[in-house]
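The following paragraphs lead through a predicted model, taking up a single residue, a pair of strands and a pocket in turn.

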Amino acid sequence: MQDLDPSILQKVNTWLQGNYDADVKQEIQTLLDQKAYTELTDSFYRDLEFGTGGLRGTMGPGSNRINKYTIGAATQGLANYLKKTYPGEKVKVAIAHDSRNNADLFSNITAEVFSANDIHVYFFKALRPTPELSFAVRHFSCKSGVMLTASHNPKEYNGYKAYGADGGQFVAPHDKAVMDEVAKIASVDDIKFNRVDANIEEIGEEIDNLYLDKITELSVSPEAIQRQKDLKIVYSPIHGTGITLVPQALMRFGFENVILVDEQTTPDGNFPTVVYPNPEEKEALTLALKKAQEVDADLVLATDPDADRVGIAVKNTDNEFILLNGNQTGCMLINYLLSAWEEKGKLTGKEYIVKTIVTSNLIEEIAKAKNVTYYNTLTGFKYIGELMTKFEGKQTFIGGGEESYGYLIGELVRDKDAVVSSAFIAEMTAYYKDKGSSLFEALLDTYVQYGFYKEKLISITKKGKTGAEEIKAMMEKFRNNPPATLGGSKVIALKDYENRIETDLNTNTTSAIELPTSDVLQFITADGSIISARPSGTEPKIKFYCSVNGKLASKEAYAETDKQLEAKIDAIMQDLGV
């Protein structure tokens with residue numbers, strides 16, 4: 001046993017001797033017998049923590065895995081937090097799950113633990129999108145909500161997203177308070193698993209209809225849709241929950257020609273037709289693009305398993321389908337929304353939009369030109385939700401989003417929403433087609449008007465305990481020795497969001513960053529490039545977000561300018577040693 005750290009062995013023995021199910025103990029004993037020490041170390045070296053996306057990890061036995069007990073401990077800790085925070089009240093929560101393997105099992109365990117703690121549970125009786133869970137929390141005046149999902153992660157993963165009373169994920173100081181309560185669960189015996197049926201109320205179609213009605217009311221250009229109702233839309237839920245609501249939302253908006261990708265419409269946690277159920281990956285849209293070519297579609301939409309993010313494809317000027325990245329789609333949505341609101345005379349000066357610090361600054365340029373207030377938040381949609389709650393009733397949120405394909409239009413929920421986004425992307429496509437243009441041509445027009453902003457995300461995976469240490473060392477190196485130049489341009493500013501300090505490297509003066517602390521570094525160059533380095537909160541990755549920009553003289557110059565900006569990104573990444 002000398003190869004297994006004593007502290008790990010101690011945790012392993014706690015599970016082997018504790019009040020855990022026999023099959024779980026057998027799995028752990030088999031790993032011990034096989035001397036699978038690396039796997040045992042990864043399974044037990046820490047307790048799963050809430051990151052930007054809550055609790056997320058691979059399924060299996062152990063304190064660092066998603067299983068009945070880590071889900072149970074998270075729920076017991078959350079229940080304890082809620083009882084302390086709302087003493088004397090009958091606390092209500094909502095629970096939903098996506099199509100992942102064991103998500104229904106874990107949602108039932110979550111309901112059992114809440115019910116055993118005398119908390120009233122509104123329980124979606126079948127799989128539903130994440131944004132609908134947020135909607136339900138707000139609709140039922142719940143104090144919390146839980147979504148069982150691992151978003152776009154591979155099939156081995158599952159997760160647990162905890163929401164506060166505003167329908168947004170917990171933010172400081174509440175997230176820390178919940179974590180503290182979860183950490184106090186010292187033993188499996190502290191978890192109440194005994195279901196109380198009287199505390200569990202099933203919900204379903206009635207919430208679907210209410211949510212869809214409210215989404216439809218947000219439509220800005222119904223007359224354009226009416227004229228373009230035959231717009232050909234190919235849609236894939238990639239084996240996820242989007243099938244429950246996205247086709248209905250498109251239909252309610254007035255679209256009559258929605259074509260489903262049949263091979264991907266059945267919810268399935270094994271995601272049999274894709275490597276990753278992630279609309280950011282071109283491979284995940286292979287079948288949708290094939291279908292789009294067959295039917296000569298105007299638009300391709302694909303949502304991730306919990307339907308909070310959407311990827312799109314449109315035809316370029318050569319009539320070929322191309323994927324838009326999250327920055328491009330986000331910029332186009334904001335540009336469309338502000339233009340349509342302006343045309344309808346709806347802009348009063350009280351409206352605002354929000355993006356994250358790693359999302360394209362083209363959004364800022366558009367907002368400035370339209371004289372609409374914009375805000376930047378940290379990465380993670382919970383910060384956008386927090387801002388929306390802060391301004392509720394004082395200012396009007398038009399829309400917002402982040403580069404990772406998550407957008408929100410309107411104030412119905414406090415999380416990214418692929419249901420409302422899909423409807424509005426289709427509406428936007430109809431709006432431009434109605435003007436004799438296309439979404440791609442409108443993108444080029446935007447670049448000509450405001451500047452060509454090109455973004456790229458480079459992710460480096462570093463798994464396990466050693467990977468986490470390597471990522472930490474990389475961040476320390478960049479923090480202590482920032483590069484002098486990137487892509488041939490001098491680095492003129494360093495933003496360190498962990499220490500909340502911005503340094504002007506020309507004058508060596510510093511100023512405070514008015515955002516919560518986060519392990520993010522941004523290098524800003526003299527020519528306006530922005531490079532952000534950020535360890536992921538939910539995956540074993542370090543991410544580099546690179547944004548460069550230049551002037552686009554004309555739509556015809558697009559291909560050549562695109563090539564130049566791509567070369568610039570490559571040079572920057574080479575300078576970073578990535």
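A convenient place to begin is S422, which lies in helix α15, the helix that spans residues 418-434. Is S422 buried or exposed in this model? Its relative accessible area is 0%, and because buried means under 20%, S422 counts as buried. Leaving aside residues up to four places away in sequence, the residues that S422 touches are V246, L250, L301, T303 and V310.

From the helix we turn to a pair of strands. Strand β12, made up of residues 351-356, and strand β13, made up of residues 373-377, run parallel and are joined by five bridges. Between these two strands the chain passes through helix α13, residues 362-369, and the resulting β-α-β crossover from β12 to β13 is right-handed. Within the pairing, K355 stands opposite N376, the latter belonging to β13.

The last stop is the second largest pocket, whose volume is about 600 Å³. Its lining comprises 24 residues, of which D47, S63, A73, V182 and I185 are the closest to the centre of the pocket. Three elements, α1 (6-17), α4 (68-85) and α7 (174-183), each give two or more residues to this lining, and α7 gives the most, with five residues. Sorted by class, the lining of the second largest pocket consists of 15 nonpolar residues together with four polar and five charged ones.

Notes: Residues are numbered from 1 along each chain as its sequence is written. This is a predicted model: local features need pLDDT of at least 70, side-chain atom pairs count only at pLDDT 80 or more; totals for chains, interfaces and linings use all residues. Side-chain values use heavy atoms; hydrogens and water are left out. Helices (H or I, at least four residues) and strands (E, at least two) are DSSP runs, numbered from the N terminus. Buried means under 20% relative accessible area, exposed over 50%, partly exposed in between (1.4 Å probe, protein chains only). Contact means heavy atoms within 4.5 Å. Two strands pair if DSSP finds at least two bridges between them. A crossover is right-handed if, with the strands pointing away from the viewer, the path from the first strand over the helix to the second runs clockwise. On a 1 Å grid over the protein atoms alone, a cavity is a set of points where a 1.4 Å probe fits but cannot get out, and a pocket is an open set with protein on both sides within 12 Å along at least five of seven lines; lining residues have an atom within 4 Å of a point. Grid points are joined across faces, edges and corners, and a volume is the space filled by probe spheres set on the points. Ala, Val, Leu, Ile, Met, Phe, Trp, Tyr, Cys and Pro count as nonpolar, Asp, Glu, Lys and Arg as charged, and the others, Gly among them, as polar.
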